[in-house]
Amino acid sequence: MEPKSKSTSNEIRQHVELILSHWKSLLLCLLVAVLLGFTYLRYATNIYSASTTIKIQDEKQSQKLPSIQEISSDGLFSDGTNKIKDEIEIIKSRTLIENVVKNLKLNIRCFAVGSIKENEIYRNPPIKVSFFNSDSVINKIDTTLHIKVKSTTEFLAFKDEGKSLIDRNDSEGKSYDFGAKIETSFGGITLTPGTGKHAPVVGSNLKIVISSVSSMVNSYQRSIALSTETGSSIVKLELKETNSHKAVDILNELVNEYNKDVLFDKEAVIKVTSDFITKRLEAVSQELEKVEGTAEQLQKSRNITSLGTQTDLNLQSEKNLQNEILKTSNNIQLISYLQEELDADERMSDMLPSDLGIGDSNTAQVITSHNELVAQRDRILRNSSESNPVVIQLNNQINSLKSNLRASLINIKQTSNLTLNSLNKENARVRGRLYTAPTKAREIRGIERQQGIKESLFLYLLEKREESAISLGMYSPSAKIIDRAYSSHKPIAPTGMIIYLASILFGLGLPIGLIYVSDMLDTKLYRKEDLVNILDIPYLGDIPKTSKKQKLVKKVDYSPMAEAYRIIRSNIDFMMKGVKGKPKKLFITSTKAQEGKSHTSTNLASSISFSEKSVLLIEMDIRVPKIMKYLGLKDKTEKGLTDYIIDDSIKPEDVVVKHPDNEFLDIIPSGTIPPNPSELLMSDRVEQLFNYFNNKYDYIIADTSAVGLVSDTLLISKYADMFIYVVSADGVDGRQLGHVAQTLFDEKRLPNMTMLLNGVKVGKKGYGYGYGYGYGENPGKKKKWYNFFS
């Protein structure tokens, strides 16, 4: 048994040789595929990529040092992972992208229309479109304008009918002047040409696509990709576009819009604080004017111009107490203001004034946390609704902080009132020492004290308002740009190498696949392996396919066919070495007609006769005789086998025809075609014929009928020493052959049956070997240039 590895190797080699036998088709398919790939690259729309990198800065994170646990766990920013994800969602929000689309006018695109494809002109388009209607109307339009430039001042406009401008005649368009108002279904528009090198080319075809802002926002929301690493505050933005400059501008503008949005949230807190301080300044100013007016009236009514001095000790004590009373009163007043602000119903914003200097750090921290939650909730509400679970959770946290703040303010106010009462008592005690002072002085000091309180509060509020104004300009954007948007301006798709590789794989894979599938579905036989795999019958040899001009082998012949017959002649002698003292009778048959049975009989007889062995060739296929035609002796016959069988007066030697050019080859032609060939071959005259020539020839070769069609051959099979069963390569179905030939062999109906494969094509289905060494051509004949490498 053939080793499995060797069998597998042979199968692979046969498949490779089969594929290589179709090299012309493979080459043609490969060239066509590469040409298609080149055409695709020539006219495909290129895709470019741009990217930018930003860092999301966390102000609270930067104000404290990270712990060892934070650094050693998931990273320095591990606690801010959710915050980074929230910021990413904000960057991709419809609000920001809509601002980008409107700022860059991405919903209005201009294309240069070619015969095959369109190219977008992003920067400095040759035509600018101006609208008479409002942006709220224009931003909802979806339409296309087809324009052909006729001159520097005139153009043709075409209706959008789904046809290319290339397929339209100028008569279908309507002429307009550049700058003239054009009435459309969405209002008037004006087309203005560019100038200089950006002016439209006369004769060029342009297409202006106006898309709705909403559709463009949806498109860019899907196209813009944001990515970050766990525990990192670095965010990378990527965008793929048909124009590299547009991709760069979009990313830069998106980062700018994000920073504007963040600054807007931070400035909202400062604005609320500033408005609160301004409102309180107005109230304090009115109270101060009232106190100063009272002092003025008192001085006028009492004729007071100056006051005597008191003892240094009492005055100093009173002054210190007054300072404490002043400070405590201010604190109580600020707490009252904040409580009023906290309980006010008609406030424009939920944010509270911060950094009022009440004196309690916990209260200041609660206010800061409250404002941060309000800013975060408001940012989410821009792209969501009140029913959002996150918004609900934030509202709950805000209400909780307000409750805590109210309780804290009440406690602080109570404590401050107790302190103020204590100070007033102490002040009354000190003032008791001054009862001896004039009543006017006491009244003036009381007024001065009230005036000092109001002045102190007024100056304090002015200071805080100035601090708020300064803070308003000190906030920095949250997105620090690490790398501005960049593009190599080289297309990332389609990639030439990948397209050509795919073209080569397609150009080779498709025909190879078809060849392989065709080979699997093909039930015909082409080589020895195909024959021996389905038949358990001795194999005699094979004959290569030759040109129609070369029908017969010659005595001096170096062709592959001549060498094949010499090999078969040797194989026959080896297989019939036991037949001695009588001629070797070879009967040649096939499954059906047109398999080369007569051709094989004639050439085998000729090849044996060239070895100076006497051969009698009998044309026993009396239905369709061809041997005399192959030998070119058709016109020289008068009587044949059928005539001998029918007419008892005709002797065997009377129907023998001598070959004029070969003394060792005699032929018995078929003779007259009878109406009953089967009955005729059953005659005893057939046996008498073989007995007559039993000792006169070395070989008797009989060309019989096809056993798959008629029973003629089976009637005379008993006279044969060997049956040569001819199988036509690429001419018979293997299933039919297995049914007919194997059955005849198993039932021993054809004595000493062997198989001969005829018409084998070199290279066909993996058949790549030759016949002998040096027999491929005449040694004296020069090689053609294309055979030197074979």
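This is a short talk about one helix, one threonine and two cysteines in a predicted model.

Okay, hi everyone. Let's start with helix 16, which runs over residues 560-575. How far apart should the ends of this helix be? It has 16 residues, and at 1.5 Å a residue they should span 22 Å. The end C-alpha atoms are 22 Å apart in the model, so that agrees.

Now, which residues of helix 16 are buried? The list is Met561, Ala562, Glu563, Ala564, Tyr565, Ile568, Arg569 and Ile572. Here's a handy bit of background: an α-helix has 3.6 residues a turn, so residues three or four places apart point the same way. And what do the buried residues of helix 16 pack against? Four strands and a helix are worth finding on your screen: strand 14 (539-544), strand 15 (584-590), strand 20 (722-728), strand 21 (753-760) and helix 17 (597-609).

Next up, threonine 642. You'll find this residue in helix 19, residues 641-646. Is threonine 642 buried or exposed? Its relative accessibility is 1%, and buried means under 20%, so threonine 642 counts as buried. Its side chain reaches the backbone oxygen of serine 670 at 3.0 Å. Leaving out residues up to four places away in sequence, threonine 642 touches Ile622, Ser670, Gly671, Thr672, Pro674 and Leu680.

Last bit: cysteines. How many disulfides does the structure hold? Zero. Let's look at two cysteines anyway. Cysteine 29 has 32% relative accessibility, so this residue counts as partly exposed. Cysteine 110 has a relative accessible area of 5%, so this one is buried.

That's my tour, thanks for listening!

Key
Residues numbered from 1 in each chain as written. Predicted model: local features only at pLDDT ≥ 70, side-chain atom pairs only at ≥ 80, totals over all residues. Heavy atoms only, no water. Helix = DSSP H or I, 4+ residues; strand = E, 2+ residues; numbered from the N terminus. Buried < 20%, exposed > 50% of the residue type's maximum accessible area, 1.4 Å probe, protein only. Polar contact = N/O pair within 3.5 Å; in protein donor to acceptor, adjacent residues only side chain to side chain. Contact = heavy atoms within 4.5 Å. Disulfide = S-S within 2.5 Å. Expected span 1.5 Å × (residues − 1).
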